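The following exercises introduce a structure step by step. Please study the sequence and the model before reading each solution.

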Amino acid sequence: MTLLFSVVSAGSPDPKAFASEAAVSCALNAMQVHGGYGYSQEFVVERLYRDAPLMMIGEGTNDIQRVVIARSLLSGKAAIG
């Protein structure tokens, strides 16, 4: 999966996919650190945990983004590295 995100080209969907997955991972880690307090609306962690998965859906799901990245690699329009 790290090879998939090393593709760099203008207008590439890979930064969006990487950033949204990182946001979900960070929100989950923050929720684990806060424990039961993470579910309380008094803490920002609750909103981040609730909103982070929505980032994976906006502008196409990450699965579709991976298909677009793979097609650009297979067509030769993008390169790894």
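**Exercise 1.** Which residue just after helix 1 takes a positive phi?

Solution. The residue is G35, whose phi is about 65°. This is a predicted model, in which local features need pLDDT of at least 70, side-chain atom pairs count only at pLDDT 80 or more, and totals for chains, interfaces and linings use all residues. Residues are numbered from 1 along each chain as its sequence is written, and side-chain values use heavy atoms, with hydrogens and water left out. Helices (H or I, at least four residues) are DSSP runs, numbered from the N terminus.

**Exercise 2.** Compare the expected span of helix 1 with the distance between its end C-alpha atoms.

Solution. Step one: the expected span is 1.5 Å times one less than the number of residues. Step two: helix 1 covers residues 14-34, so its 21 residues should span 30 Å. Step three: the end C-alpha atoms are 30 Å apart, which agrees.

**Exercise 3.** Identify the buried residues of helix 1 and what they pack against.

Solution. Buried means under 20% relative accessible area, exposed over 50%, and partly exposed in between (1.4 Å probe, protein chains only). In helix 1, the buried residues include D14, K16, A17 and S20, and E21, A27 and M31 are also buried. These buried residues pack against helix 2 (44-55) and helix 3 (62-75), where contact means heavy atoms within 4.5 Å.

**Exercise 4.** Where do the buried residues of helix 2 lie around its axis?

Solution. The buried residues here are V45, E46 and A52. They lie on the same side of helix 2, because their arc around the axis is only 135°; the arc is that of the directions from the helix axis to the C-beta atoms. The face turned away from this buried side carries the exposed residues V44 and L54. Helix 1 is included in what covers the buried residues of helix 2.

**Exercise 5.** Describe the surroundings of M55 in helix 2.

Solution. First, M55 is partly exposed, with a relative accessible area of 45%. Next, leaving aside residues up to four places away in sequence, M55 touches K16, S20 and A23. Finally, M55 and A23 are 32 residues apart in sequence, yet 8.1 Å apart in space, C-alpha to C-alpha.

Note on methods. Helices (H or I, at least four residues) and strands (E, at least two) are DSSP runs, numbered from the N terminus.
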